[in-house]
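Biologist: Got a minute to walk through this one with me? Let's put the model up first.

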Amino acid sequence: MLEILYQDEYIIAINKPSGLLVHKSFYARDASVFAVQELRNQIGGQHVYPIHRLDRKTSGVLLFALDKESLKIMNDRFATREVEKKYLAILRGWAPEEMTIDYDLTNDDGVKQNAITYFHRLQIAEIDLEYNNHPTSRYCLVEAIPETGRMHQLRKHFRHIFHPILGSRPHGCNKQNKLWLENFGLKGMMLHAHQLVFNHPMTNEQLVLNAKINEEFSKVGDILGLDLEKYK
């Protein structure tokens with residue numbers, strides 16, 4: 001059963017679990033369960049139209065339209081950057097306290113696209129986990145706000161500044177991922193879309209939708225001694 005965060009006659013939003021694809025994808029032909037199908041079945045067979053995307057391993061706020069007019073309006077607002085998306089991520093190392101990453105990314109067609117991400121650091125952690133001849137390992141919790149919406153943008157941007165997202169594959173740190181898999185059984189990725197802010201397509205009322213972190217994100221936070229209470 002999907003957690004529904006908001007629903008009216010025009011739009012519906014869910015807290016997408018990590019591991020669930022939004023829809024069928026050439027890149028994940030092994031999957032047989034999709035958010036579009038599950039949500040449609042859950043609300044009585046009504047058609048739902050995804051307005052934006054989240055990676056398979058990314059959890060959090062996912063917005064759908066229930067009619068094509070609302071879909072067009074919201075697609076336009078995403079395209080003109082009138083929607084604010086906020087993500088929580090746990091990174092390897094201590095990233096700068098705040099930073100704007102302006103680094104072009106190349107899509108699957110070989111086209112270079114402008115990509116901009118702002119983030120600020122929320123908390124830091126250091127645990128007794130030996131890594132690269134160091135007796136401890138450092139991590140940080142950040143809130144990231146992408147200004148553009150390129151494929152795998154946050155994962156690629158944080159790797160670019162040498163602070164990859166914990167659990168990200170392939171845009172992460174294989175050694176850290178292996179370390180966490182062997183020591184803590186971590187299989188997920190520590191990236192969560194925790195807030196979406198936008199104006200309603202019909203009423204123009206501002207909506208602020210928040211999605212609670214999942215159990216695995218919470219578990220990693222406990223291991224690191226992070227205070228995640230406000231996100232649970």
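**Rings and a helix**

Modeller: Sure, and keep in mind that this is a predicted model. Let's begin in helix α4, where W180 and F184 sit four residues apart, about one turn of the helix.

Biologist: So is the ring pair of W180 and F184 stacked, tilted or edge-to-face?

Modeller: The ring centres of W180 and F184 are 4.5 Å apart. Stacked needs planes under 30 degrees apart and edge-to-face needs over 60. The planes here are at 50°, so this pair is tilted.

Biologist: Which residues do ring pairs link into a cluster with W180?

Modeller: Y139 and W180 make an edge-to-face pair, 5.6 Å centre to centre with 90° between the planes. That pair links distant parts of the chain, strand β10 and helix α4, 41 residues apart. Ring pairs thus tie W180 into a cluster with Y139 and F184.

Biologist: Is F184 buried, partly exposed or exposed?

Modeller: Y139 is buried at 1% relative accessible area, and W180 is buried at 0%. Buried means under 20% and exposed means over 50%. F184 comes in at 25%, so it counts as partly exposed.

Biologist: Over to α5: why are its buried residues on the same side?

Modeller: The buried ones are F217, S218, V220, G221 and L224. They share a side because they cover an arc around the axis of only 160°.

Biologist: And which exposed residues does the face turned away from that buried side carry?

Modeller: The buried side is covered by elements including β10 and α4. The face turned away carries the exposed residues E215 and D222.

Notes. Residues numbered from 1 in each chain as written. Predicted model: local features only at pLDDT ≥ 70, side-chain atom pairs only at ≥ 80, totals over all residues. Heavy atoms only, no water. Buried < 20%, exposed > 50% of the residue type's maximum accessible area, 1.4 Å probe, protein only. Helix = DSSP H or I, 4+ residues; strand = E, 2+ residues; numbered from the N terminus. Arc of directions from axis to C-beta. Contact = heavy atoms within 4.5 Å. Phe/Tyr/Trp six-rings, centres within 6.5 Å; stacked < 30°, edge-to-face > 60°.
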